[in-house]
Amino acid sequence: MKTTLFFVCVLIFSTSNVFAQWNLCPKVVSDPLWSVSIYDSLNVWASGGDGTVIRSEDGGINWKIYTVPTLERIHKVIALNKSTALAFAFWDGVFKTSDNGNTWSKVIKSRIALGGYSVSMLVTK
């Protein structure tokens, strides 16, 4: 019983500390976001519908909107470093930027529903 109570107390304490770090960010786009990729404490990427990718360089306080050249939903965005990311379009393939989202090029052409699969990567700094 003492062991169980100890673990419950540790879990509650740990959980309350984790949730205390979240802040409400301003609404940047009207469509729902499908993916968030956090490179470090300042650089955050997120993706949504109609080729929309948003990016923050200050930990989510301010956001810039970028457009990937597709009309498809960006199902997943993965930050590779501060300025480079991959965007997985639902039916249209994989796009890459190396200039903070200003330009995107298609690196994998696909007519497969990429949105039906989970894509994960381990990026080491």
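1. Two strands are said to pair if DSSP finds at least two bridges between them. In this predicted model, that criterion applies to strand β6 and strand β7 (residues 93–97), which run antiparallel and are joined by five bridges. The two strands form a hairpin with three residues between them, and within this pairing Ala-89 stands opposite Gly-93 in β7.

2. On the other side of the sequence, strand β5 (residues 74–79) also pairs with β6 in the antiparallel sense, over five bridges. A hairpin of five residues provides the connection from β5 to β6, and Ala-79 is found opposite Ala-85 in β6.

3. Strand β6 (residues 85–89) deserves a separate remark, because five of its five residues are buried, so that the strand is largely enclosed by the rest of the structure. The cover extends to both faces: Ala-85, Ala-87 and Ala-89 are buried on one side, while Leu-86 and Phe-88 are buried on the other.

4. As for the chain as a whole, its secondary structure consists of one helix and eight strands, and along the sequence these elements follow the pattern α-β-β-β-β-β-β-β-β.

5. Of the 125 residues in the protein chain, 35% are buried, and the chain exposes about 8,300 Å², of which carbon and sulfur atoms supply 62%. When contacts between residues at least 6 apart in sequence are considered, 34% of them join residues at least 24 apart.

How values were computed
Residues numbered from 1 in each chain as written. Predicted model: local features only at pLDDT ≥ 70, side-chain atom pairs only at ≥ 80, totals over all residues. Heavy atoms only, no water. Helix = DSSP H or I, 4+ residues; strand = E, 2+ residues; numbered from the N terminus. Buried < 20%, exposed > 50% of the residue type's maximum accessible area, 1.4 Å probe, protein only. Contact = heavy atoms within 4.5 Å. Areas by Shrake-Rupley, 256 points an atom, 1.4 Å probe, with all protein chains shown as cover.
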